[in-house]
Amino acid sequence: MFTILRKLTRNLIYAIPVMMLAGFAYGLWADTAWLKAAIIPFTFLMVYPMMVTLKIRKVFEGGDAKAQILTQLINFGLTPFLAFGVGLLFFRDNPYMALGLLLAGLVPTSGMTISWTGFAKGNMSAAVKMTVIGLIAGSLATPFYVQALMGTAIQMQLSAVFKQILFIVFLPMALGYLTQRVLVKRYGQQTFQRDIGPKFPGLSTVGVLGIVFVALALKAKTIAAAPGVLLDILVPLLLLYGFNFLLSTLIGKSMLPRGDAIALVYGSVMRNLSIALAIAINAFGTQGSDAALVIAMAYIIQVQSAAWYVRFTPKVFGLPEELAQPA
(Lines give C-alpha, C1' and ligand atoms only; values in the text may rest on other atoms or scores of the structure.)
Protein backbone atom coordinates (compact mmCIF):
# COMPACT_ATOMS: atom_id res chain seq x y z
CA MET A 1 0.00 0.00 0.00
CA PHE A 2 2.76 2.46 0.91
CA THR A 3 4.45 1.79 -2.43
CA ILE A 4 1.26 2.85 -4.21
CA LEU A 5 0.97 5.94 -2.01
CA ARG A 6 4.58 6.92 -2.75
CA LYS A 7 3.87 6.64 -6.47
CA LEU A 8 0.77 8.82 -6.06
CA THR A 9 2.79 11.44 -4.17
CA ARG A 10 5.46 11.52 -6.88
CA ASN A 11 2.83 11.77 -9.61
CA LEU A 12 0.50 14.42 -8.21
CA ILE A 13 0.74 16.14 -11.57
CA TYR A 14 -1.39 13.29 -12.96
CA ALA A 15 -3.28 12.16 -9.85
CA ILE A 16 -4.87 15.54 -9.12
CA PRO A 17 -6.33 16.09 -12.64
CA VAL A 18 -7.67 12.51 -12.59
CA MET A 19 -9.31 13.09 -9.22
CA MET A 20 -10.70 16.42 -10.43
CA LEU A 21 -12.31 14.66 -13.40
CA ALA A 22 -13.65 11.90 -11.15
CA GLY A 23 -15.16 14.45 -8.75
CA PHE A 24 -16.64 16.41 -11.64
CA ALA A 25 -18.27 13.29 -13.10
CA TYR A 26 -19.62 12.22 -9.73
CA GLY A 27 -21.02 15.66 -9.04
CA LEU A 28 -22.93 15.64 -12.33
CA TRP A 29 -24.58 12.26 -11.88
CA ALA A 30 -24.90 11.60 -8.13
CA ASP A 31 -26.04 13.19 -4.91
CA THR A 32 -23.20 15.19 -3.31
CA ALA A 33 -24.86 16.19 -0.04
CA TRP A 34 -23.24 13.35 1.92
CA LEU A 35 -19.75 14.41 0.77
CA LYS A 36 -19.78 17.34 3.17
CA ALA A 37 -19.46 14.86 6.05
CA ALA A 38 -16.18 13.61 4.52
CA ILE A 39 -14.54 17.05 4.58
CA ILE A 40 -13.29 16.93 8.19
CA PRO A 41 -11.83 13.36 7.98
CA PHE A 42 -10.10 14.19 4.69
CA THR A 43 -8.81 17.46 6.17
CA PHE A 44 -7.26 15.70 9.15
CA LEU A 45 -5.79 13.00 6.90
CA MET A 46 -4.33 15.73 4.71
CA VAL A 47 -2.68 17.77 7.48
CA TYR A 48 -1.72 15.37 10.30
CA PRO A 49 0.73 13.09 8.39
CA MET A 50 2.87 15.97 7.17
CA MET A 51 3.09 17.26 10.74
CA VAL A 52 4.59 13.95 11.89
CA THR A 53 7.70 14.58 9.78
CA LEU A 54 7.96 18.33 10.51
CA LYS A 55 11.39 19.19 11.97
CA ILE A 56 10.42 22.00 14.33
CA ARG A 57 13.83 22.04 16.08
CA LYS A 58 15.53 23.11 12.82
CA VAL A 59 14.11 26.61 13.34
CA PHE A 60 16.61 27.23 16.13
CA GLU A 61 19.69 26.45 14.03
CA GLY A 62 21.58 29.42 12.57
CA GLY A 63 23.70 30.07 9.51
CA ASP A 64 21.24 31.35 6.90
CA ALA A 65 19.54 34.33 8.55
CA LYS A 66 19.66 36.49 5.42
CA ALA A 67 17.90 33.85 3.32
CA GLN A 68 15.26 33.36 6.02
CA ILE A 69 14.53 37.09 6.33
CA LEU A 70 14.33 37.65 2.57
CA THR A 71 12.05 34.64 2.14
CA GLN A 72 9.56 35.76 4.78
CA LEU A 73 9.60 39.34 3.48
CA ILE A 74 8.52 37.96 0.10
CA ASN A 75 6.01 35.57 1.68
CA PHE A 76 4.26 38.13 3.86
CA GLY A 77 5.19 41.51 2.41
CA LEU A 78 4.72 40.90 -1.31
CA THR A 79 2.96 37.67 -2.30
CA PRO A 80 -0.33 38.19 -0.39
CA PHE A 81 -0.79 41.64 -1.91
CA LEU A 82 0.10 40.37 -5.37
CA ALA A 83 -2.44 37.55 -4.99
CA PHE A 84 -5.04 40.03 -3.75
CA GLY A 85 -4.39 42.38 -6.68
CA VAL A 86 -4.57 39.60 -9.27
CA GLY A 87 -7.77 38.38 -7.62
CA LEU A 88 -9.34 41.84 -7.87
CA LEU A 89 -8.36 42.04 -11.53
CA PHE A 90 -9.70 38.65 -12.60
CA PHE A 91 -12.41 37.82 -10.05
CA ARG A 92 -14.07 41.15 -9.40
CA ASP A 93 -17.51 39.53 -9.68
CA ASN A 94 -16.66 36.42 -7.67
CA PRO A 95 -15.05 37.37 -4.35
CA TYR A 96 -14.80 33.77 -3.17
CA MET A 97 -12.61 32.84 -6.12
CA ALA A 98 -10.52 35.88 -5.29
CA LEU A 99 -10.39 34.50 -1.75
CA GLY A 100 -9.05 31.21 -3.11
CA LEU A 101 -6.22 33.04 -4.86
CA LEU A 102 -5.48 35.02 -1.69
CA LEU A 103 -5.41 31.87 0.45
CA ALA A 104 -3.05 30.24 -2.03
CA GLY A 105 -0.75 33.23 -1.57
CA LEU A 106 -1.01 33.39 2.22
CA VAL A 107 0.27 30.04 3.49
CA PRO A 108 3.85 29.59 2.24
CA THR A 109 5.89 26.43 1.83
CA SER A 110 5.03 22.75 2.04
CA GLY A 111 6.86 19.47 2.34
CA MET A 112 7.55 19.77 -1.38
CA THR A 113 9.59 22.92 -0.67
CA ILE A 114 12.20 20.66 0.93
CA SER A 115 11.94 17.99 -1.76
CA TRP A 116 12.30 20.37 -4.70
CA THR A 117 15.18 22.19 -2.99
CA GLY A 118 16.92 18.84 -2.66
CA PHE A 119 16.27 17.92 -6.29
CA ALA A 120 17.81 21.26 -7.36
CA LYS A 121 20.86 20.74 -5.07
CA GLY A 122 19.96 23.69 -2.84
CA ASN A 123 20.34 24.26 0.90
CA MET A 124 17.87 21.75 2.39
CA SER A 125 18.51 22.85 5.98
CA ALA A 126 17.43 26.38 5.06
CA ALA A 127 14.37 24.97 3.26
CA VAL A 128 13.31 23.03 6.36
CA LYS A 129 13.44 26.21 8.46
CA MET A 130 11.51 28.15 5.82
CA THR A 131 8.84 25.46 5.84
CA VAL A 132 8.35 25.49 9.61
CA ILE A 133 8.44 29.28 9.95
CA GLY A 134 6.17 29.80 6.94
CA LEU A 135 3.61 27.26 8.13
CA ILE A 136 3.31 28.68 11.64
CA ALA A 137 3.47 32.35 10.67
CA GLY A 138 1.14 31.87 7.70
CA SER A 139 -1.47 30.05 9.77
CA LEU A 140 -1.46 32.79 12.42
CA ALA A 141 -1.47 35.66 9.92
CA THR A 142 -4.08 34.33 7.46
CA PRO A 143 -7.23 35.46 9.33
CA PHE A 144 -5.86 38.99 9.73
CA TYR A 145 -4.89 39.27 6.04
CA VAL A 146 -8.27 37.95 4.91
CA GLN A 147 -10.12 40.30 7.27
CA ALA A 148 -8.06 43.34 6.23
CA LEU A 149 -8.07 42.70 2.47
CA MET A 150 -11.45 41.03 1.89
CA GLY A 151 -13.51 41.61 5.00
CA THR A 152 -15.99 43.81 3.14
CA ALA A 153 -16.38 41.43 0.17
CA ILE A 154 -16.95 38.09 1.91
CA GLN A 155 -18.78 36.88 4.99
CA MET A 156 -16.37 35.86 7.73
CA GLN A 157 -15.98 35.88 11.48
CA LEU A 158 -12.39 36.30 12.59
CA SER A 159 -12.92 34.08 15.65
CA ALA A 160 -14.50 31.33 13.51
CA VAL A 161 -11.57 31.31 11.09
CA PHE A 162 -9.10 31.18 13.99
CA LYS A 163 -11.04 28.28 15.46
CA GLN A 164 -10.81 26.39 12.18
CA ILE A 165 -7.06 27.07 11.88
CA LEU A 166 -6.57 25.87 15.44
CA PHE A 167 -8.40 22.67 14.54
CA ILE A 168 -6.87 22.00 11.13
CA VAL A 169 -3.29 23.24 11.72
CA PHE A 170 -2.22 23.47 15.34
CA LEU A 171 -4.07 20.45 16.73
CA PRO A 172 -2.62 18.17 14.00
CA MET A 173 0.77 19.84 14.54
CA ALA A 174 0.71 18.99 18.25
CA LEU A 175 -0.50 15.44 17.61
CA GLY A 176 2.03 15.00 14.82
CA TYR A 177 4.92 16.17 16.97
CA LEU A 178 3.77 13.87 19.78
CA THR A 179 3.59 10.97 17.32
CA GLN A 180 7.08 11.80 16.05
CA ARG A 181 8.54 11.82 19.57
CA VAL A 182 6.88 8.51 20.46
CA LEU A 183 8.12 6.82 17.28
CA VAL A 184 11.65 8.19 17.65
CA LYS A 185 11.78 7.07 21.26
CA ARG A 186 10.62 3.58 20.34
CA TYR A 187 12.54 2.97 17.11
CA GLY A 188 15.36 5.52 17.18
CA GLN A 189 15.97 8.64 15.07
CA GLN A 190 17.74 6.83 12.25
CA THR A 191 15.03 4.20 11.78
CA PHE A 192 12.33 6.86 11.96
CA GLN A 193 13.96 9.00 9.27
CA ARG A 194 14.83 6.07 7.01
CA ASP A 195 11.89 3.70 7.32
CA ILE A 196 8.93 5.26 9.13
CA GLY A 197 8.85 8.99 8.34
CA PRO A 198 8.81 8.59 4.52
CA LYS A 199 5.53 6.66 4.74
CA PHE A 200 3.51 9.55 6.13
CA PRO A 201 3.48 11.95 3.11
CA GLY A 202 1.62 9.30 1.13
CA LEU A 203 -1.19 9.35 3.68
CA SER A 204 -1.35 13.12 3.32
CA THR A 205 -1.72 12.66 -0.44
CA VAL A 206 -4.88 10.59 0.14
CA GLY A 207 -6.34 13.52 2.07
CA VAL A 208 -5.40 15.98 -0.67
CA LEU A 209 -6.98 13.83 -3.39
CA GLY A 210 -10.09 13.31 -1.27
CA ILE A 211 -10.56 17.05 -0.70
CA VAL A 212 -9.97 17.77 -4.40
CA PHE A 213 -12.62 15.16 -5.28
CA VAL A 214 -15.12 16.73 -2.87
CA ALA A 215 -14.39 20.29 -4.07
CA LEU A 216 -14.96 19.38 -7.73
CA ALA A 217 -18.03 17.29 -6.98
CA LEU A 218 -19.63 20.19 -5.11
CA LYS A 219 -18.90 22.59 -8.01
CA ALA A 220 -19.61 20.17 -10.88
CA LYS A 221 -22.96 21.60 -11.97
CA THR A 222 -21.60 25.16 -11.82
CA ILE A 223 -18.63 24.22 -14.00
CA ALA A 224 -20.85 22.32 -16.45
CA ALA A 225 -23.03 25.40 -16.84
CA ALA A 226 -19.98 27.62 -17.52
CA PRO A 227 -16.96 25.46 -18.53
CA GLY A 228 -14.89 28.54 -19.32
CA VAL A 229 -14.52 29.09 -15.57
CA LEU A 230 -11.53 26.71 -15.51
CA LEU A 231 -9.70 28.83 -18.08
CA ASP A 232 -10.66 31.93 -16.12
CA ILE A 233 -8.92 30.39 -13.09
CA LEU A 234 -5.88 29.14 -15.00
CA VAL A 235 -4.78 32.53 -16.34
CA PRO A 236 -4.44 34.40 -12.99
CA LEU A 237 -2.71 31.38 -11.44
CA LEU A 238 -0.14 31.34 -14.23
CA LEU A 239 0.39 35.06 -13.75
CA LEU A 240 0.82 34.70 -9.97
CA TYR A 241 3.27 31.79 -10.13
CA GLY A 242 5.19 33.24 -13.07
CA PHE A 243 5.77 36.54 -11.28
CA ASN A 244 6.74 34.76 -8.04
CA PHE A 245 9.32 32.61 -9.82
CA LEU A 246 10.79 35.63 -11.61
CA LEU A 247 10.95 37.82 -8.49
CA SER A 248 12.43 35.19 -6.17
CA THR A 249 14.98 34.13 -8.81
CA LEU A 250 16.19 37.71 -9.28
CA ILE A 251 16.42 38.35 -5.52
CA GLY A 252 18.12 35.03 -4.80
CA LYS A 253 20.62 35.30 -7.64
CA SER A 254 21.62 38.85 -6.76
CA MET A 255 21.74 38.59 -2.95
CA LEU A 256 22.46 34.99 -1.87
CA PRO A 257 24.88 32.12 -2.47
CA ARG A 258 23.65 29.37 -4.79
CA GLY A 259 22.26 26.92 -2.20
CA ASP A 260 20.43 29.58 -0.20
CA ALA A 261 19.07 31.20 -3.37
CA ILE A 262 17.48 27.93 -4.52
CA ALA A 263 15.95 27.42 -1.06
CA LEU A 264 14.57 30.98 -1.24
CA VAL A 265 12.90 30.29 -4.60
CA TYR A 266 11.14 27.16 -3.40
CA GLY A 267 10.50 28.66 0.04
CA SER A 268 8.67 31.63 -1.44
CA VAL A 269 7.01 30.25 -4.59
CA MET A 270 5.73 26.94 -3.22
CA ARG A 271 2.54 27.39 -1.23
CA ASN A 272 1.01 25.08 1.36
CA LEU A 273 -2.04 24.40 -0.76
CA SER A 274 -3.18 21.62 1.57
CA ILE A 275 -3.63 24.10 4.42
CA ALA A 276 -5.17 26.69 2.08
CA LEU A 277 -7.60 24.09 0.76
CA ALA A 278 -8.52 23.00 4.28
CA ILE A 279 -9.19 26.59 5.37
CA ALA A 280 -11.27 27.35 2.28
CA ILE A 281 -13.53 24.35 2.56
CA ASN A 282 -13.86 24.32 6.36
CA ALA A 283 -13.99 27.99 7.33
CA PHE A 284 -16.22 29.52 4.65
CA GLY A 285 -19.12 27.11 4.32
CA THR A 286 -20.64 26.19 0.97
CA GLN A 287 -19.26 29.31 -0.72
CA GLY A 288 -15.77 28.14 0.20
CA SER A 289 -16.07 25.59 -2.62
CA ASP A 290 -15.39 28.43 -5.10
CA ALA A 291 -12.14 29.19 -3.28
CA ALA A 292 -11.35 25.46 -3.10
CA LEU A 293 -11.72 25.15 -6.88
CA VAL A 294 -9.06 27.83 -7.41
CA ILE A 295 -6.70 26.12 -4.96
CA ALA A 296 -7.27 22.70 -6.58
CA MET A 297 -6.22 24.19 -9.93
CA ALA A 298 -3.18 25.75 -8.22
CA TYR A 299 -1.90 22.25 -7.39
CA ILE A 300 -1.48 21.52 -11.10
CA ILE A 301 0.40 24.77 -11.79
CA GLN A 302 2.58 24.44 -8.70
CA VAL A 303 3.75 20.88 -9.31
CA GLN A 304 4.35 21.45 -13.03
CA SER A 305 6.26 24.71 -12.56
CA ALA A 306 8.40 23.33 -9.72
CA ALA A 307 9.42 20.33 -11.81
CA TRP A 308 10.36 22.48 -14.79
CA TYR A 309 12.29 24.91 -12.60
CA VAL A 310 14.50 22.06 -11.38
CA ARG A 311 15.47 21.39 -14.99
CA PHE A 312 16.48 25.00 -15.57
CA THR A 313 18.23 25.50 -12.22
CA PRO A 314 21.77 24.74 -13.54
CA LYS A 315 21.30 27.36 -16.27
CA VAL A 316 19.97 29.96 -13.82
CA PHE A 317 22.28 29.41 -10.83
CA GLY A 318 25.09 27.29 -12.29
CA LEU A 319 26.21 23.87 -11.16
CA PRO A 320 26.85 23.02 -7.49
CA GLU A 321 30.43 23.69 -6.49
CA GLU A 322 31.31 19.99 -6.22
CA LEU A 323 30.11 19.43 -9.80
CA ALA A 324 31.42 22.66 -11.29
CA GLN A 325 35.07 21.97 -10.34
CA PRO A 326 36.99 19.43 -12.40
CA ALA A 327 37.99 16.20 -10.64
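The following questions and answers concern a pocket and two helices of a predicted model.

In this predicted model, local features need pLDDT of at least 70 and side-chain atom pairs pLDDT 80 or more, while totals for chains, interfaces and linings use all residues. Residues are numbered from 1 along each chain as its sequence is written, and side-chain values use heavy atoms, without hydrogens and water.

Q: Which helix gives the most to the lining of the second largest pocket?
A: The lining includes Pro-17, Met-20, Leu-216 and Met-297. Elements giving two or more residues to this lining are α2 (12-29), α11 (200-225) and α15 (288-317); helices are DSSP runs of H or I, at least four residues, numbered from the N terminus. With four residues, the most is given by α2.

Q: How do the residues of the lining of the second largest pocket divide into nonpolar, polar and charged?
A: Ala, Val, Leu, Ile, Met, Phe, Trp, Tyr, Cys and Pro count as nonpolar, Asp, Glu, Lys and Arg as charged, and the others, Gly among them, as polar. The lining holds no polar and no charged residues, and the nonpolar ones number nine.

Q: Is Gln-302 buried or exposed?
A: Gln-302 is found in helix α15. Buried means under 20% relative accessible area, exposed over 50%, partly exposed in between (1.4 Å probe, protein chains only). Because its relative accessibility is 7%, Gln-302 counts as buried.

Q: How many of the 11 residues of helix α14 are buried?
A: Helix α14 spans residues 273-283 and is mostly covered. Among its buried residues are Leu-273, Ser-274 and Asn-282. The number buried is 10.

Methods
On a 1 Å grid over the protein atoms alone, a cavity is a set of points where a 1.4 Å probe fits but cannot get out, and a pocket is an open set with protein on both sides within 12 Å along at least five of seven lines; lining residues have an atom within 4 Å of a point.
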